[in-house]
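Colleague: I'm new to this one and would like a walk through it. Could you show it to me before we start?

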Amino acid sequence: MGELLWLIPALPFAGALLLVLFGKRISRMLVSAIGVGSVGIAAAITLVLGIEFLSSRPDFIRQELWQWFDVAGFSPSIAFHLDALSMVFIFVITFVGFLIHIYSTEYMAEDTDYARFFACMNLFVGSMLMLVMADNLLLLYLGWEGVGLCSYLLIGFWYKEPANGYAARKAFIITRVGDTAMAIGLFMLFQHFGTLHIQTISTEAAQVWSVGNETAMIIALLLLGGAVGKSGQLPLQTWLPDAMAGPTPVSALIHAATMVTAGVYLIARMHVIFELSPVAMTAVAAIGAATLLIAGFAALTQHDIKRVLAYSTISQVGYMFLALGVGAWSAGVFHFMIHGFFKALLFLCAGAIILALHHEQDMRKMGGLSKKLPVVFYTFLIGAASLAAFPLVSAGFYSKDQILWLQLAGEKGNIWLYLAGLLGAFITSIYTFRMVFLTFFGEEKTHVGHKPTLAILVPLIILGVLSFAGGFIELPHNFGHVVLFSDFLSPVLPAVNVVEGLSQYEWMLQLLAAVVSLSGIFIAYLFYYKKPALIESLHRSEIAMALHRFWHSGWGFDQLYDTLFVRPYVYLSKLNKGDFIDSIYTFIAHITQGAHRLFSSTQTGVMRNYVAGIVVGAIMIITISLLL
Amino acid sequence: MILVWLIAILMAGGVLAWISGKVNRSLPRWIALGSVLAVFGLTLYLWLSNPAPVLGSAWLVQYNMPWIPQWGISFSLALDGLSLLLLLLTFFLGLLSVLISWREIQTKVAFFHLNLLWVLAGIAGVFLTMDLFLFYFFWEVMLIPMYFLIGIWGHENRRYAAAKFFLFTQASGLLMLLAILGLYFIHGNQTGLYTFSYFELLNTTLAPEAARLLMFGFLAAFLVKLPIVPFHSWLPDAHSQAPTAGSVILAGLLLKTGAYGLLRFVLPLFPTATVEFAPWAMLLGVIGILYGAMLAFSQTDLKRLVAYTSVSHMGFVILGVFAFNEWALQGVVMQMITHGLSTGALFIIAGFLYERLHTRDIRQMGGFWSTAPKMGFICLVFVMASLGLPGLGNFIAEFLTLVGSWQANNWLTVFATIGIVLATIYSLRIMQKIFLEEHKLKQALPDLNAREMLIAIPMVVLILWLGFYPQPFLDTAQPSIREQLQAYTGSAPEREQVAEVAGPETKTIEVVLGEKKPSPNIHISKTLNQ
């Protein structure tokens, strides 16, 4: 079955190529068929391979297509490596991607650039698949950059609006800052191992370096730089909230199936290097904790429904980093998968709302939609429950609970990380249900236009089921101890070392997490449904408003970077537009010309001037010779 | 003999095109097209036939004929993988240059094609010559027609640009001539063999002082041509004022002669002096990468913008050359090819736009994607190539260069890598200002026609090929790169010692050799027999 492996990324690429070449000339039906079909077949192949993989349980399947190049022993291949980790990622990418593609046929139906949209979406899925299937870091880098390109193309899809172009360039450039760090990390890895083949590096690194090795630390930190850029973590998170300038299915794709999870994948994939460096591990966890809090507070204050979701993604990926940072690899990947389901669901619901309300995204102008859009309401509720980790019946509860538990129980965890995670969970459930109450309850403020039909509703329902039931494949010890997911990943990702003697307290922590989640929901209910007057009173407070503005602007990061980097660079560049080095040469030319004029002016053609010159010269020479 | 044909066909074709202008206005175009096609076909045949190396070295084809035997000058041509690749690039871009001038050039058509073909002949000569006197000759042959191309068919400020181009290259070329003569006499003094032959001069042992001086003579010519900051300022003027074909040849080929010179002459001739100079050269490269990228960002003249991106990209070349390892040098060779294609393509797009709008000012452009999506797509591909997107050839070039330079110098490589971020910034600006946002013109911009697609599509296919399967190109270049690097893999210190020992003795040898003048002739007769 392994022979089919290459088809998984090749199909979306082929779809993109066909649409680029013939998209203008073929009917919309055919465009949809190619665009959706290519990802659909890739998903079907993934399913077949997945069943095969589960039944025969090989360590990995490798398929080499051709050798990319070979220069003095540096010989990366175009080759794919399928193991449990990439299997999980491929599954989420193709399936969630497929659902998003189906959804897009309705969402983008009116758009004039229908074919271009599907071409870019296919390319996006293809690049992401390349990223997670690559057997060497250079091919991974190809997918990595390809994802960056597609985000640029899709965020700026509606290119007539300069603001969209700005957001698109911002996404590409900021992620490229991280990529630069990663590239340097690759140079170092190559220097030490003479290859970029991931498996070779992983086995050799553990032998060559001992824990705490400085080179391993630098490399891990550089890779982390790349991960932070793509995954929208501190300090490179600023591109992600603006990325919602693209059409909503694009946001769903970026936030759930592709792009932002690339960083999580990279760290999980290179976990051997990270485990060798406690400093880098701490950095991963600390970045995760800081990011999830900062983004959580920022999400509290946004009015744009997609912006709330964007900040919630940053925050949730922060949880994944938190898990990875304490060595809870499979918990991080588990949360990635569950997050992929519910975040895609939430974005697609938001898209349905936006479409229904004539491209209105401001939650202050929404309300009372629970009656008008019932399916959207119920599925959104499932997604929101999962995001807010609603106890017992949401998938998000199980994935997030595992992360929180391991912050305390894991060997590398500590109480501060746990508290940050807990506080984050509290904020998450507030802003999530703030969103629910503002959009679906209260009075109707905008007329509902487009009612979603099957192409939108079916993906919502499927994702709703997954967001509800997906958590049951990995249950805590005291809930019957179902560990299908971490078992599946165990050949690739080592298990966490749990501190002895804590497991009897696990139920207390679960109870605490449940209370935190429920109280957050209750506060949202109080402020945004029951007693809106409480909000009014907050609005009158000067401090609260200042804080609101600060959080609303995403903690002022944009302004900071603007002053520190953007403006000085633009200023210096504009200042030197004429190239000051050139003026040195122009100066030489001017001197030559000046001298030319000076000497030519002595050529007057008048005899007495020349005679005077000769006399003066003669006197000077005689004087000098006499004096000497 | 095939090598002589390459140059002869171009020169004769040029003259023929010039004369035929009297008969018919479009005849020169067809003659030019025919002759470039012929030489391109020949070179392609050479590449595909995969000739076995002669003399057990990297050389594939050689040709030798005495020219001025009294002075040890011969008409000596030789082809190895490196020159083969560069010839392919030369004739490919030459072909495109003829095609893009089809409509653009309407005055003095015959004379234009004479100059075009002679520039190509000069470049081909530079890539083939193994006699330093002849090398200097061809170096000048490509200079003068280029001067005319800029000065006659250029844009509004063409005289200034042409004069500047001429002065910069000529002045630096004279320094190279001095260095060539210096090498000639030192070698003659040492061995009694007064010759300009590259292969003989390679064996010259030089005192460190002399090596340093001579190296700077060669460097002067090559670094100005490449160009390296702060000797780059002729380039933006020349590129922006030249007609499209001129810009393509300047960016795609003339700059590469500088890089070629570094690889072919500076590295093998002065192994110790270059090692000393390497950190400074790499520093200059990094400065060039960052400085060029920064200047490119603020330009409003499209061709000037692209010109500064060349300055930035050529920084990678010098960074790689002075890293002295195979990864970096393969990267440099790839960079020469891919930059030739990608920058050539951007200049061609600038030419397409100029033909339609009669301006190069990007402030007057915008929103062209809606009416010219094909042009937009082609531009997108090459903008991505210039920012080093994996999957396109430029990525392979830059990544290999950086991997190689990392082995030589960590910090400079870090700064060079930052240059990739700056490349992203200016590259995306090109897309944004020209193709995105609202359509600014009243009438729709016509999309590419069939002739223009015929020019653009092969370039896209090539740059993708180079990105996904560059191995045929790397394989072709490999033997010659190993040869240029020979002096740096272990044997370098030995040569240094020899040079030191030989240093004081040179004077005595000089006296002895004063009496044995006829030796060059003996050597020439030897080569004739071969």
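**Talking through the model**

Modeller: To begin with the two chains, 37 residues of chain A are in contact with 40 residues of chain B, where contact means that the C-beta atoms of two residues, placed from the backbone, lie within 7 Å. This is a predicted model, in which local features need pLDDT of at least 70 and side-chain atom pairs count only at pLDDT 80 or more, while totals for chains, interfaces and linings use all residues. Residues are numbered from 1 along each chain as its sequence is written, and chains are lettered from A and ligands numbered from 1 in the order in which they are written.

Colleague: Which elements give two or more residues to the side of chain A that touches chain B?

Modeller: They are strand E1 (61-67), helix H5 (137-155), helix H6 (162-193), helix H25 (557-575) and helix H26 (580-602) of chain A. Helices (H or I, at least four residues) and strands (E, at least two) are DSSP runs, numbered from the N terminus. H6(A) gives the most to that side, with 13 residues.

Colleague: And what is that side like by class?

Modeller: The side of chain A that touches chain B has 20 nonpolar, eight polar and nine charged residues. Here Ala, Val, Leu, Ile, Met, Phe, Trp, Tyr, Cys and Pro count as nonpolar, Asp, Glu, Lys and Arg as charged, and the others, Gly among them, as polar.

Colleague: Stepping back, how many helices and strands are there in chain A?

Modeller: Chain A has 27 helices and two strands, and its C-alpha atoms fill a box of roughly 115 × 60 × 60 Å, taken along the principal axes. Of its 628 residues, 54% count as buried, that is, with 20 or more other C-beta atoms within 10 Å of their own; 12 or fewer makes a residue exposed, anything in between partly exposed, and the C-beta atoms are placed from the backbone.

Colleague: Which residues touch the most other members of the largest nonpolar core?

Modeller: They are A:Ala344, A:Leu348 and A:Ile353, in a core of 427 residues. A nonpolar core is a set of buried Ala, Val, Leu, Ile, Met, Phe, Trp, Tyr and Cys residues joined through C-beta atoms within 7 Å. Helix H15 (residues 329-356) of chain A supplies the largest share of this core, 20 residues. Leaving aside residues up to four places away in sequence, A:Ile353 touches A:Ile305, A:Met366, A:Leu369, A:Leu373, A:Val376 and A:Thr439.

Colleague: Back to the strands. How do E1(A) and E2(A) run?

Modeller: They run antiparallel and are joined by six bridges; two strands pair if DSSP finds at least two bridges between them. One of the bridge partners is A:Ala79 in E2(A), which is matched with A:Glu64. Strand E2 (residues 77-82) of chain A is mostly covered, with six of its six residues buried. A:Ser77, A:Ala79 and A:His81 point one way from E2(A), while A:Ile78, A:Phe80 and A:Leu82 point the other way.

Colleague: What about the loop between E1 and E2 of chain A?

Modeller: That loop holds A:Ala72, whose phi is near 45°, a positive value in a residue other than glycine. A:Ala72 is partly exposed, because 19 other C-beta atoms lie within 10 Å. A:His359 also has a positive phi, of about 60°, although it is not a glycine, and its place is in the loop between H15 and helix H16 (369-372) of chain A. A:His359 counts as exposed because it has 9 other C-beta atoms within 10 Å.

Colleague: Why bring those up?

Modeller: Most residues other than glycine have a negative phi, and most peptide bonds are trans.

Colleague: Where is the peptide bond cis, then?

Modeller: In chain A, the bond from A:Leu234 to A:Pro235 is cis, with omega near -5°, and A:Pro235 is in the loop between helix H8 (214-230) and helix H9 (239-242) of chain A. In chain B, a cis peptide bond joins B:Leu226 and B:Pro227, with omega about -10°, and B:Pro227 is in the loop between helix H8 (208-225) and helix H9 (234-241) of chain B.

Colleague: One last residue: is A:Pro249 buried or exposed?

Modeller: A:Pro249 counts as buried, because it has 26 C-beta neighbours inside 10 Å, and it lies in helix H10 (residues 248-257) of chain A. Not counting residues up to four places away in sequence, A:Pro249 touches A:Ile100, A:Tyr103, A:Ser104, A:Tyr107 and A:Gly351.
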